[in-house]
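Visitor: I have a few questions about this protein. Let's look at it together.

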Amino acid sequence: MKNERSEDPSEDPVVITPCPNGPLLVRGDVLIAPEPGAEPQKPPRRVVALCRCNMSSIAPFCDGSHKLANFRTRPPRYNIGSPREDAGEED
Ligand code: FES
């Protein structure tokens, strides 16, 4: 059983998963600054859901309000490896 964390982040990377019509799931050892300039803090769990609908009462975390708000995301339009590919395009 592996209990010790690797010193090499490439061996145990943080994974961010955008949930369709919902939050960003962040899995791994991260620090989160609740707002620009704030002191980064360790989140309560190793997997956290970060709100991206701006409706959560516990921001920056998701409280499920996106469902009531009928928040909708667009499908990704770019490769994760080159996110600036469509920069400058307008909807
Ligand atoms: S994404 Fe869930 S409350 Fe905003």
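Visitor: How many helices and strands does the protein have?
Guide: This is a predicted model. Along the sequence, the elements follow the pattern β-β-β-α. The count is therefore plain from the DSSP runs: one helix and three strands.

Visitor: In what order do the strands lie in the sheet?
Guide: Start with the pairs. E1 (residues 15-18) and E2 (residues 24-27) pair antiparallel over four bridges. E2 also pairs antiparallel with E3 (residues 47-50), again over four bridges. The open sheet thus has the order E1-E2-E3.

Visitor: Which strands stand at the edges?
Guide: The sheet is open, with three strands in antiparallel pairing. Two of the strands have a single partner strand each, so one side of each is left without a neighbour in the sheet. Those edge strands are E1 and E3.

Visitor: Which residue in E3 is the bridge partner of Leu25?
Guide: Leu25 of E2 is also the bridge partner of Thr17. In E3, Val47 stands opposite Arg27. For Leu25, the bridge partner in E3 is Ala49.

Visitor: Which residue takes a positive phi in the hairpin of E1 and E2?
Guide: The hairpin has five residues between the strands. The phi in question is near 60°. The residue is Asn21.

Visitor: What percentage of the residues is buried?
Guide: Buried here needs 20 or more other C-beta atoms within 10 Å of a residue's own. The protein has 91 residues. The buried share is 5%.

How values were computed:
Residues numbered from 1 in each chain as written. Predicted model: local features only at pLDDT ≥ 70, side-chain atom pairs only at ≥ 80, totals over all residues. Buried ≥ 20, exposed ≤ 12 C-beta atoms within 10 Å, placed from the backbone. Pairing = 2+ DSSP bridges.
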